[in-house]
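Reader: Got a minute to go through the charged pairs in this one? Pull it up and let's chat.

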Amino acid sequence: MAAYGTDTPDWEALPWQWAAERLISNHNYWVVTVSAQGTPHALPVWGVWSDDDLRFMFSCAPTARKARNIAVNPRVAFTVDSTVECISVQGTAELLTDPGSVDTWVERYVQKYGPESPEGLGDFVRQHAVFEVTPITAVAVIEREVEFATRATRWRFTSPS
C-alpha cells in the first residue's frame, strides 16, 4: 500500500495475533458476495472465526441472495464491524454438507452467541445454509492518523495440501 504512504521507514507490520483477536471477538461481520452478473451484495451477519483452523463460518437462509451468489461465484469478502481497527478478509466460501463439520461450527456459534440468544440457536442454524470461508488474503488498516501509514498490513494464506 505504498500509495498510502506505507513505504515509510517507520512502517511495522501488525502481528497476525492483532488480526486474530479482532476476528475472534467481533460480533457483526459484513459479508460481501458477487452475483454471476457481477452485482455486489453486502449485509452484516453473525459469524465465527476459528484461528486454529484459519476459517470463518456464517449461515443464512438457503434462498438468501448471499447463498445464491455463492452458488455461482464462491469468492467472498468479510470484514469486522470496526471502521477504526479494520480487517478485511478475501477468500472462497463453501456450503458445508458434512454433518460433522456443520456440528463443529454450530457448537462454536452457539458458544459465542448463545448467551444472548433464545434457546434453540443451534437448531436454527442447522436449518439454514452453513458456509465455511477459506481465506486467501487479509488486509488490516488502523484508521488513526499516527498509525495509518505505519501499520497497514497484508497477509497471504496458503492452501492446505
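**Salt bridges**

Reader: How many salt bridges does the structure hold?
Author: It holds five salt bridges, counting a side-chain nitrogen of Lys or Arg within 4 Å of a carboxyl oxygen of Asp or Glu. This is a predicted model, where local features need pLDDT of at least 70, side-chain atom pairs count only at pLDDT 80 or more, and totals for chains, interfaces and linings use all residues. Residues are numbered from 1 along each chain as its sequence is written, and side-chain values use heavy atoms, leaving out hydrogens and water.

Reader: OK, what does Arg 22 form a salt bridge with, in strand S5?
Author: That's Glu 85, with the closest N and O atoms 2.8 Å apart. The pair links distant parts of the chain, 63 residues apart: Arg 22 sits in helix H1 (residues 16–25) and Glu 85 in strand S5 (residues 85–95). Helices (H or I, at least four residues) and strands (E, at least two) are DSSP runs, numbered from the N terminus.

Reader: And which residues are linked in a network with Arg 22?
Author: Glu 21 and Glu 85 are linked with Arg 22 in a network of salt bridges. For Glu 21 and Arg 22, the closest N and O atoms are 3.7 Å apart.

Reader: Switching topic, where is the partner of Arg 108?
Author: Arg 108 is in helix H3 (residues 99–113), and its partner Asp 53 is in the loop between strand S2 (40–50) and strand S3 (55–60), 55 residues apart. Their side chains meet at 2.8 Å, N to O.

Reader: Is Asp 53 buried or exposed?
Author: Partly exposed, at 35% relative accessible area; buried means under 20%, exposed over 50%, partly exposed in between (1.4 Å probe, protein chains only). Arg 108 is partly exposed too, at 24%.
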